[in-house]
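Hi,

Here is the structure I promised to pass on. Have a look at it first, and then read on for what turned up.

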Amino acid sequence: MTQDFSQDQVFENYDTQESKFLTPFQQKALLKNLQANLQPEYRRRIEIMLLADMGKSQTQICEIIGCSQEMARYWIGIAEAGLAHKWNERPIGRPKTVNNEYIERLKELVSHSPREYGYAFGYWTAQWLSKHLANEFGIEISDRHVNRLLKQMGLSTKRKNISQQETDQNKDAGITIGDLQSNSEPSLHWSFNLIQTNN
């Protein structure tokens, strides 16, 4: 505890007060873990739940521990929901972000058909790339973020339209049509047609 209360005072007060949310098992487990050498973030979680169980308000808890309103609100909610024994299941810090291995795998997936990976469709979408990579790496990112990563790499899931693909293919075909030379003198056949229509 940081400000007004020492740990000893909390334990003393806790034992004499009636529990609001926690079961005897949860109380015992939290108090035991609080005595262990914990990371400060884990320690704060336990302290928040114990203080809430003693009837302290969110504001009081924030003042005693020196934590944010959001953190206090979250762990008070966990205690009220009867899930205090899961205090160490939620990882500390920000969620995992993409790494080089993730990016390389994204490049690899985009350069191959989804059918090669067992999907029924022939072209990737950012949403399916996100789902596939979440299964492989356990890192969930939005389809918008996938599109951002692809754009940074100069790649895209968008297909070119067919006419654009045909013109790109025809660029390398090697056949070009130049200006044709026209004969300025009218042909004899043409002049006979004129005579026949005038009769």
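A disulfide here is a pair of cysteine sulfur atoms within 2.5 Å. Please bear in mind that this is a predicted model. By that rule, the count of disulfides is 0. Cys62 is in no disulfide, its nearest cysteine sulfur being that of Cys67, 4.1 Å away. Cys67 is likewise in no disulfide, with the sulfur of Cys62 at 4.1 Å. With buried meaning under 20% relative accessible area, Cys62 counts as buried because its relative accessibility is 10%. Cys67, at 12%, counts as buried too.

Next, helix 2, which covers residues 24-35. At 1.5 Å a residue its 12 residues should span 16 Å, and the end C-alpha atoms are 17 Å apart, so the two agree. Gln26, Gln27, Leu30, Leu31 and Leu34 are buried in this helix. Seen down the helix axis, the buried residues fall within an arc of 125 degrees, so they line one face. Pro24, Phe25, Lys28, Lys32 and Gln35 are exposed on the other side of helix 2.

Leu30 also turns up in the largest nonpolar core, which has 25 residues; Leu30, Met49 and Ile61 touch the most other members. Helix 2, helix 3 (40-53), helix 4 (58-65) and helix 5 (69-80) each give two or more residues to this core, and helix 3 gives the most, with 7. Leaving aside residues up to four places away in sequence, Ile61 touches Ile48, Leu51, Ala52, Lys56, Gly66, Ala72 and Ile76. Another core, of 13 residues, lies apart from the largest one and includes Tyr102, Leu106, Leu133 and Leu150.

Happy browsing!

How values were computed: Residues numbered from 1 in each chain as written. Predicted model: local features only at pLDDT ≥ 70, side-chain atom pairs only at ≥ 80, totals over all residues. Heavy atoms only, no water. Helix = DSSP H or I, 4+ residues; strand = E, 2+ residues; numbered from the N terminus. Expected span 1.5 Å × (residues − 1). Buried < 20%, exposed > 50% of the residue type's maximum accessible area, 1.4 Å probe, protein only. Arc of directions from axis to C-beta. Core = buried A, V, L, I, M, F, W, Y, C linked by side-chain atoms within 4.5 Å. Contact = heavy atoms within 4.5 Å.
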